[in-house]
Every structure is written in structure tokens, then in C-alpha cells.
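Morning, everyone. Please have the model up on your screens, and we will walk through it together.

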Amino acid sequence: MRRAGALIAVAWLVAFSSAAADDRGGVVPWETLAQVSVTKQKDRYVPEFSKQILALDKREVKLKGFMLPLEQGLRQKRFLLSAQPPVCAFCMPGTAEQFAEVLAKVPMKYVSDPITVSGTFVLVRDDSGGLLYRLTEARMVEK
């Protein structure tokens with residue numbers, strides 16, 4: 001029993017330290033961006049963001065995820081960043097809170113590996129396209 005408890009404690013520490021590493025590196029965890037709900041107001045649905053998310057609005061942040069191009073080409077100026085890797089070319093790998101629209105300062109080379117981008121985080125409150133988050137003036141963060 002003690003050994004199982006020790007293994008659980010080690011697993012918890014590893015998970016906690018990797019989340020803390022994201023915080024130290026300034027990367028906003030996707031779990032934070034998941035703290036949003038949607039309510040119906042009259043004839044439309046509107047997002048209700050947590051205080052943590054509201055505090056990020058119009059601030060410089062880093063996000064880490066997978067590039068989903070919106071147009072053809074090796075370089076992308078506008079794309080979606082996803083918390084999850086794409087499984088197929090015709091399926092979106094998540095729900096609205098797991099995506100951010102990225103508007104790059106200069107076109108970025110498409111890669112299938114996870115990337116970290118930095119830019120101004122903007123809450124999208126009036127978009128009928130279903131997006132909740134946007135990163136403007138974004139640039140790639142070198143490893």
C-alpha cells in the first residue's frame with residue numbers, strides 16, 4: 001500500500017512540475033482556456049470567460065499547440081492552433097476552447113510537430129464562427 005501511495009505521489013509531482021514548467025515558461029495551459037461556458041442570451045449563444053481568462057485579454061501570452069493551416073502553402077500567416085494533434089484532414093481535433101486563431105506577424109513555416117507561438121491574446125466575443133480566442137501579431141518562439 002505504501003508503494004502504491006508513493007507511486008501516486010511521484011506521478012502527481014511529475015504532472016504538477018510539468019504544469020509548473022509551462023507556467024515558468026510563460027505558456028498558458030489549455031486547461032486554463034477550458035474555463036469558459038456558453039449561455040444563451042436571446043437568440044444567440046455568448047461565452048462567459050473565467051476571471052483567469054479575462055485577465056489574459058489584450059496581454060502578451062504564449063500558447064503551445066498544433067498548427068492547422070486554413071489555406072494551402074508551406075508558409076501560413078493565418079491558421080488555427082489546436083491543443084490536440086489533428087487525427088485526419090477532415091476532422092477538427094477538439095472543441096472551441098481548444099483552438100486559437102493565430103494571425104502571424106510574418107508567415108510561419110508549416111510543421112506537424114507542436115509549436116509555441118507568442119502574441120497578443122484577444123477574447124473573441126462576437127464571432128459567429130465559433131472561435132473564442134485569437135492571437136494577433138504572433139511569432140514563433142524558438143526552442
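Let me start with a definition. Rings of Phe, Tyr and Trp (for Trp, its six-membered ring) pair if their centres lie within 6.5 Å; planes under 30 degrees apart count as stacked, over 60 as edge-to-face, and the rest as tilted. How many aromatic pairs does a search of the whole structure find? Two. One of them is F49 with Y133, and that pair is tilted, with 5.9 Å centre to centre and 50° between the planes. F49 lies in strand β2, residues 44–49, and Y133 in strand β7, so the pair ties together parts that are 84 residues apart in sequence. F49 and Y133 are both buried. Buried means under 20% relative accessible area, exposed means over 50%, and partly exposed is in between, with a 1.4 Å probe and protein chains only. F49, F121 and Y133 make up one aromatic cluster.

Ground rules, quickly. This is a predicted model: local features need pLDDT of at least 70, side-chain atom pairs count only at pLDDT 80 or more, and totals for chains, interfaces and linings use all residues. Residues are numbered from 1 along each chain as its sequence is written, and side-chain values use heavy atoms, leaving out hydrogens and water.

Now the overall layout. The protein has three helices and seven strands. Those are DSSP runs numbered from the N terminus: helices are H or I with at least four residues, strands are E with at least two. From the N terminus, the order is α-α-β-β-α-β-β-β-β-β. Of the 143 residues, 34% count as buried. Contact means heavy atoms within 4.5 Å. Among contacts between residues at least 6 apart in sequence, 58% join residues at least 24 apart. The accessible surface comes to about 9,600 Å², and carbon and sulfur atoms hold 58% of that. Areas come from the Shrake-Rupley method with a 1.4 Å probe; for residues, only the protein chains shown count as cover.

Next, the core. A nonpolar core is a set of buried Ala, Val, Leu, Ile, Met, Phe, Trp, Tyr and Cys residues joined through side-chain atoms within 4.5 Å. The largest one has 25 residues, and those touching the most other members are L33, F79, L81, V117, F121, Y133 and L135. Which elements give two or more residues to this core? They are α2 (30–33), α3 (51–56), β3 (59–69), β4 (75–82), β5 (99–109), β6 (115–123) and β7 (133–140). Look at Y133 again. Beyond four places in sequence, Y133 touches a dozen-strong list that we can sample: L33, V36, F49, I53, F99 and F121 are among them.

Two polar residues deserve a stop. S82 sits in strand β4. S82 is buried, at 0% relative accessibility. A polar atom of the S82 side chain lies 2.7 Å from the backbone oxygen of Q84. Past four places in sequence, the contacts of S82 are W30, G65, F66, L68, P93, Q98 and F99. T32, in helix α2, is also buried, at 15%. Outside its neighbours within four places, T32 is in contact with Q52 and I53.

On to charge. Side chains of opposite charge can pair when their charged atoms come close. Here a salt bridge is a side-chain nitrogen of Lys or Arg within 4 Å of a carboxyl oxygen of Asp or Glu. The count comes to five. E101 and R134 meet in one of them, at 2.5 Å, N to O. That pair links distant parts of the chain: E101 in strand β5 and R134 in strand β7, 33 residues apart. Is E101 buried or exposed? E101 is buried, at 5%, while R134 is partly exposed, at 23%. Salt bridges that share partners also join D57, K58 and R125 into one network. K58 to D57 is 3.4 Å between the closest N and O atoms; R125 to D57 is 3.7 Å. R125 is in the loop between β6 and β7 and D57 in the loop between α3 and β3, 68 residues apart. D57 is buried at 17%, whereas R125 is partly exposed at 44%.

Last item: backbone. K58 has a positive phi, near 65°, without being glycine. K58 is exposed, at 61%. E137, in strand β7, has phi near 50°, again positive in a non-glycine residue. E137 is partly exposed, at 46%.

Conventions
Polar contact = N/O pair within 3.5 Å; in protein donor to acceptor, adjacent residues only side chain to side chain.
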